[in-house]
Amino acid sequence: MSAHTPGPWRVNQIVRNPDLKPVDRRGYAGDMAYVGTDRPYPRGMCIAVVREECIAEIEANARLIAKAPELLEMLREFAQPAPDPDPQEHIFQRHVRVRRKLDQLTQDARALLAEIEGADA
(Lines give C-alpha, C1' and ligand atoms only; values in the text may rest on other atoms or scores of the structure.)
Protein backbone atom coordinates (compact mmCIF):
# COMPACT_ATOMS: atom_id res chain seq x y z
CA MET A 1 0.00 0.00 0.00
CA SER A 2 1.36 3.42 -0.86
CA ALA A 3 1.46 6.34 1.52
CA HIS A 4 -0.35 8.86 -0.66
CA THR A 5 -3.39 10.83 0.48
CA PRO A 6 -6.40 8.57 -0.06
CA GLY A 7 -8.93 9.52 -2.73
CA PRO A 8 -11.24 10.50 -4.03
CA TRP A 9 -9.59 13.68 -5.25
CA ARG A 10 -11.24 16.36 -7.34
CA VAL A 11 -10.61 19.66 -9.06
CA ASN A 12 -11.77 21.95 -6.27
CA GLN A 13 -11.36 25.30 -7.95
CA ILE A 14 -10.20 26.82 -11.22
CA VAL A 15 -9.04 30.42 -10.93
CA ARG A 16 -9.05 32.51 -14.08
CA ASN A 17 -6.99 35.62 -13.62
CA PRO A 18 -6.85 37.57 -16.90
CA ASP A 19 -5.75 40.80 -15.13
CA LEU A 20 -2.60 39.05 -13.87
CA LYS A 21 -3.09 40.34 -10.34
CA PRO A 22 -1.30 38.30 -7.67
CA VAL A 23 -3.74 35.67 -6.38
CA ASP A 24 -1.71 33.76 -3.83
CA ARG A 25 0.68 34.61 -1.03
CA ARG A 26 3.69 33.81 -3.21
CA GLY A 27 2.60 36.49 -5.68
CA TYR A 28 1.68 34.14 -8.53
CA ALA A 29 -0.40 36.08 -11.03
CA GLY A 30 -1.71 33.64 -13.62
CA ASP A 31 -4.52 31.15 -14.09
CA MET A 32 -4.45 28.09 -11.85
CA ALA A 33 -6.41 25.11 -10.59
CA TYR A 34 -6.50 23.52 -7.15
CA VAL A 35 -6.74 19.74 -6.83
CA GLY A 36 -7.61 18.37 -3.43
CA THR A 37 -9.41 15.79 -1.42
CA ASP A 38 -13.13 15.36 -1.88
CA ARG A 39 -13.90 17.35 1.26
CA PRO A 40 -13.64 21.13 1.07
CA TYR A 41 -11.20 23.16 3.11
CA PRO A 42 -10.59 23.22 6.09
CA ARG A 43 -11.32 19.48 6.51
CA GLY A 44 -9.95 18.56 3.11
CA MET A 45 -6.47 19.21 1.85
CA CYS A 46 -4.85 20.61 -1.27
CA ILE A 47 -2.97 17.96 -3.26
CA ALA A 48 -1.66 20.14 -6.10
CA VAL A 49 -1.78 23.62 -7.55
CA VAL A 50 -1.65 23.48 -11.34
CA ARG A 51 -0.24 26.47 -13.20
CA GLU A 52 0.30 26.70 -16.94
CA GLU A 53 0.11 29.25 -19.72
CA CYS A 54 -3.16 27.94 -21.15
CA ILE A 55 -6.39 27.52 -19.13
CA ALA A 56 -7.35 24.44 -21.19
CA GLU A 57 -4.03 22.81 -20.25
CA ILE A 58 -4.54 23.75 -16.60
CA GLU A 59 -7.98 22.09 -16.59
CA ALA A 60 -6.70 18.97 -18.39
CA ASN A 61 -3.72 18.54 -16.05
CA ALA A 62 -5.91 19.13 -12.99
CA ARG A 63 -8.41 16.47 -14.14
CA LEU A 64 -5.56 13.99 -14.67
CA ILE A 65 -4.06 14.66 -11.23
CA ALA A 66 -7.48 14.39 -9.59
CA LYS A 67 -7.97 10.88 -11.04
CA ALA A 68 -4.58 9.57 -9.85
CA PRO A 69 -6.02 7.49 -6.95
CA GLU A 70 -8.53 5.83 -9.29
CA LEU A 71 -5.83 5.16 -11.89
CA LEU A 72 -3.69 3.57 -9.18
CA GLU A 73 -6.58 1.40 -8.01
CA MET A 74 -7.28 0.30 -11.59
CA LEU A 75 -3.62 -0.63 -12.10
CA ARG A 76 -3.68 -2.65 -8.88
CA GLU A 77 -6.81 -4.46 -10.06
CA PHE A 78 -5.27 -5.17 -13.45
CA ALA A 79 -1.98 -6.34 -11.93
CA GLN A 80 -3.63 -8.97 -9.73
CA PRO A 81 -2.37 -12.41 -10.64
CA ALA A 82 -4.94 -14.67 -12.21
CA PRO A 83 -6.27 -17.25 -9.76
CA ASP A 84 -5.15 -20.81 -10.23
CA PRO A 85 -7.58 -22.58 -12.53
CA ASP A 86 -10.14 -24.83 -10.94
CA PRO A 87 -9.50 -28.35 -12.29
CA GLN A 88 -13.26 -28.93 -12.31
CA GLU A 89 -13.90 -25.85 -14.44
CA HIS A 90 -14.23 -26.45 -18.16
CA ILE A 91 -11.83 -24.47 -20.34
CA PHE A 92 -14.74 -22.66 -21.99
CA GLN A 93 -16.14 -21.57 -18.60
CA ARG A 94 -12.70 -20.29 -17.62
CA HIS A 95 -12.44 -18.36 -20.87
CA VAL A 96 -15.86 -16.76 -20.32
CA ARG A 97 -14.98 -15.79 -16.74
CA VAL A 98 -11.65 -14.23 -17.75
CA ARG A 99 -13.26 -12.47 -20.72
CA ARG A 100 -15.95 -10.93 -18.49
CA LYS A 101 -13.29 -9.64 -16.10
CA LEU A 102 -11.29 -8.17 -18.98
CA ASP A 103 -14.42 -6.57 -20.46
CA GLN A 104 -15.24 -4.98 -17.08
CA LEU A 105 -11.70 -3.61 -16.71
CA THR A 106 -11.87 -2.22 -20.26
CA GLN A 107 -15.22 -0.57 -19.58
CA ASP A 108 -13.91 0.95 -16.32
CA ALA A 109 -10.78 2.22 -18.10
CA ARG A 110 -12.82 3.86 -20.86
CA ALA A 111 -15.07 5.58 -18.30
CA LEU A 112 -12.06 6.86 -16.37
CA LEU A 113 -10.42 8.12 -19.57
CA ALA A 114 -13.60 9.97 -20.46
CA GLU A 115 -13.58 11.70 -17.06
CA ILE A 116 -9.91 12.63 -17.41
CA GLU A 117 -10.35 13.90 -20.95
CA GLY A 118 -13.47 15.83 -20.01
CA ALA A 119 -15.81 13.82 -22.23
CA ASP A 120 -19.03 11.99 -21.43
CA ALA A 121 -18.55 8.31 -20.66
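**Exercise 1.** Does Lys67 count as buried or exposed in this predicted model, and at what relative accessibility?

Solution. The relative accessibility of Lys67 is 15%. Buried means under 20%, so Lys67 counts as buried.

**Exercise 2.** Find the salt bridge partners of Lys67 and place them in the chain.

Solution. Start with Glu70: its salt bridge with Lys67 has the closest N and O atoms 3.4 Å apart. Glu70 counts as partly exposed, at 31% relative accessibility. Next take Glu115, where the closest N and O atoms to Lys67 are 2.5 Å apart. This pair links distant parts of the chain, since Glu115 is in helix 3 (residues 91-117) and Lys67 in the loop between helix 1 and helix 2, 48 residues apart. Glu115, at 39% relative accessibility, is partly exposed.

**Exercise 3.** Describe how helix 1 and helix 2 are oriented and which residues bring them into contact.

Solution. The axes of helix 1 (residues 55-66) and helix 2 (residues 68-79) come within 5 Å and cross at roughly 45°. The two helices are therefore oblique to each other. Leu64, Ile65 and Ala66 of helix 1 meet Ala68, Pro69, Glu70 and Leu71 of helix 2. Sorted by class, this contact has six nonpolar residues, no polar residues and one charged residue.

**Exercise 4.** Locate the salt bridge between Arg76 and Glu73 and classify the exposure of both residues.

Solution. The N to O distance is 4.0 Å. Both residues lie in helix 2, three residues apart, about one turn of the helix. Arg76 is partly exposed at 26% relative accessibility, and Glu73 is partly exposed at 45%.

Notes
Residues are numbered from 1 along each chain as its sequence is written. This is a predicted model: local features need pLDDT of at least 70, side-chain atom pairs count only at pLDDT 80 or more; totals for chains, interfaces and linings use all residues. Side-chain values use heavy atoms; hydrogens and water are left out. Axes are lines fitted to C-alpha atoms, for helices over the stretch in contact, and angles run from 0 to 180 degrees between N-to-C directions. Helices (H or I, at least four residues) and strands (E, at least two) are DSSP runs, numbered from the N terminus. Angles under 35 degrees count as roughly parallel, over 145 as roughly antiparallel, 65 to 115 as roughly perpendicular and the rest as oblique. Contact means heavy atoms within 4.5 Å. Ala, Val, Leu, Ile, Met, Phe, Trp, Tyr, Cys and Pro count as nonpolar, Asp, Glu, Lys and Arg as charged, and the others, Gly among them, as polar. A salt bridge is a side-chain nitrogen of Lys or Arg within 4 Å of a carboxyl oxygen of Asp or Glu. Buried means under 20% relative accessible area, exposed over 50%, partly exposed in between (1.4 Å probe, protein chains only).
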